[in-house]
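User: Could you take a close look at one part of this protein for me, the salt bridges and the sheet they sit around? I'd like a connected walk through it rather than a list.

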Amino acid sequence: IIVVFGDRFPMITAHKVLAAYSCLAPRVVTGQFDPTYHRAIWPSTGNYARGGVAISRIMGCRGVAILPAGMSQERFDWLDQWCANPAEDVIKTVGTESNVKEIYDACNELDKDPVNFIFNQFCEFSNHLGHYEVTGRALGHVFETVRDSMKKSGRDISLAAFTSATGSAGTIAAGDRLKDDYGAKIVSVEALECPTMLENGFGEHNIQGIGDKHIPLIHNITNSDVICGISDRATDELDVLFNTPAGRAFLAEKKGLSAELIDALAHFGFSSICNTLAAIKTSKLLNLGPDEAVITVATDGGAL
């Protein structure tokens with residue numbers, strides 16, 4: 001299982017910088033968005049809004065974040081530092097990770113003012129295309145680097161699958177590229193407490209960073225091969241194990257893990273643990289062997 005860390009990205013320590021840039025840049029280049037007039041509205045459950053605010057700031061336009069009030073305090077602390085006027089530019093909607101409809105409702109109200117330009121990641125096809133072209137190619141490069149390294153020891157591996165929580169269906173577009181280039185299966189991941197794809201189910205969950213409760217317009221869902229449910233009980237418990245002094249002491253003293261390995265666990269936030277658990281479940285489900293790789297993304301770190 002190959003895991004690519006997203007918390008090494010600049011500014012927001014999550015890989016949603018790309019999604020925001022992919023949505024904003026084409027609108028600026030084509031003249032649809034005027035930075036001197038429009039406000040860029042970034043609806044999300046956390047990281048995309050932060051990416052949007054960061055990209056807005058460096059491109060000289062005003063960015064507004066919309067996200068559920070129940071998201072982590074660390075996300076709001078970051079927004080307070082990056083927004084010029086947090087009182088006006090951070091809009092908190094009702095609910096938590098799976099309350100996307102409430103974000104839409106807020107966007108519909110804001111859209112009545114022509115000054116506001118809604119960059120809705122769930123229906124912006126640039127979100128899909130950016131991840132297909134950039135994330136897909138980057139993950140392919142990582143896989144080839146690992147494969148070339150293993151060839152030196154006489155082993156060859158194939159890319160069997162890519163796992164990703166669906167969220168806005170941006171990141172999972174990388175799976176389309178990996179399927180085209182390597183024949184990898186695409187595994188769409190969601191919270192077991194909100195099994196929208198699995199059984200048209202709805203509910204609350206705490207896997208912050210994955211979104212839920214609807215199928216985004218840009219999700220090429222018919223290209224998925226496997227749907228995987230992960231419980232937030234698993235991500236909550238492993239977060240305690242990975243990112244608290246007591247959990248780390250247990251791993252060192254009882255399990256004998258090295259300090260280097262334990263330090264690396266800080267790269268895993270809730271959604272990252274979710275994607276990695278999905279990779280493990282997929283490996284079991286497909287009965288994969290030691291020469292078949294599964295690649296996934298640790299979208300953000302434990303700090304969020």
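Analyst: Let's start with a charged pair: Asp300 and Arg75 form a salt bridge, with their closest N and O atoms 3.1 Å apart. Asp300 sits in the segment after strand 9 (292-298) while Arg75 belongs to helix 3 (residues 73-82), so this pair ties together parts that are 225 residues apart in sequence. Both partners, Asp300 and Arg75, are buried. Keep in mind that this is a predicted model.

Now to the sheet. It is an open one of four strands, in the order 4-3-2-5, and the pairing is parallel. Strand 4 (90-93) and strand 5 (116-118) are the edge strands, each pairing on one side only. From one strand to the next, the twist averages 25 degrees. If you zoom in on strand 3 and strand 4, you'll find them paired in the parallel sense over four bridges. There, Ile66 stands opposite Ile91 in strand 4. Helix 2 packs on this sheet, where it touches strand 2 (39-43) and strand 3, and its direction makes about 160 degrees with that of strand 2. Helix 3 packs on the sheet as well, touching strand 3 and strand 4, with its direction at about 165 degrees to that of strand 3. That brings us back to Arg75, since helix 3 is where Arg75 lies.

Strand 3 has a charged pair to look at too. Arg62 makes a salt bridge with Glu88, and the closest N and O atoms are 3.0 Å apart. This one links distant parts of the chain: Arg62 is in strand 3 (residues 62-68), Glu88 is in helix 4 (residues 86-89), and the two are 26 residues apart. How buried or exposed are they? Arg62 counts as partly exposed because its relative accessibility is 33%, and Glu88 is partly exposed as well, with a relative accessible area of 46%. The pair also belongs to a network of salt bridges that links Arg39, Arg62, Glu88 and Asp89. As background, side chains of opposite charge can pair when their charged atoms come close.

For a local example, try helix 7 (residues 173-182), which holds both Asp181 and Arg177, four residues apart, or about one turn of the helix. Their side chains meet in a salt bridge at 2.9 Å, N to O. Here the two partners fall into separate classes: Asp181 is partly exposed because its relative accessibility is 43%, whereas Arg177, with a relative accessible area of 15%, is buried. Overall, the count comes to 12 salt bridges.

The surface also has something nonpolar to show you. Tyr21, Ile58 and Met59 make a nonpolar patch of about 290 Å². Ile58 is in helix 2 (residues 47-58), the helix that touches strand 2 and strand 3. With 55% relative accessibility, Ile58 counts as exposed.

One last stop is Leu217, in the loop between helix 8 (196-199) and strand 8 (226-230). Leu217 counts as exposed because its relative accessibility is 58%. Still, leaving aside residues up to four places away in sequence, Leu217 touches Phe122, Cys123 and Phe125. Its C-alpha atom is separated by 8.3 Å from that of Glu124, although Leu217 and Glu124 are 93 residues apart along the chain.

Technical notes: Residues are numbered from 1 along each chain as its sequence is written. This is a predicted model: local features need pLDDT of at least 70, side-chain atom pairs count only at pLDDT 80 or more; totals for chains, interfaces and linings use all residues. Side-chain values use heavy atoms; hydrogens and water are left out. Patches are made of residues with over 30% relative accessible area and no salt bridge: like charges are joined within 9 Å, nonpolar side chains (Val, Leu, Ile, Met, Phe, Trp, Tyr) within 5 Å. Accessible areas come from the Shrake-Rupley method with a 1.4 Å probe; for residues, only the protein chains shown count as cover. A salt bridge is a side-chain nitrogen of Lys or Arg within 4 Å of a carboxyl oxygen of Asp or Glu. Buried means under 20% relative accessible area, exposed over 50%, partly exposed in between (1.4 Å probe, protein chains only). Contact means heavy atoms within 4.5 Å. Two strands pair if DSSP finds at least two bridges between them. Axes are lines fitted to C-alpha atoms, for helices over the stretch in contact, and angles run from 0 to 180 degrees between N-to-C directions.
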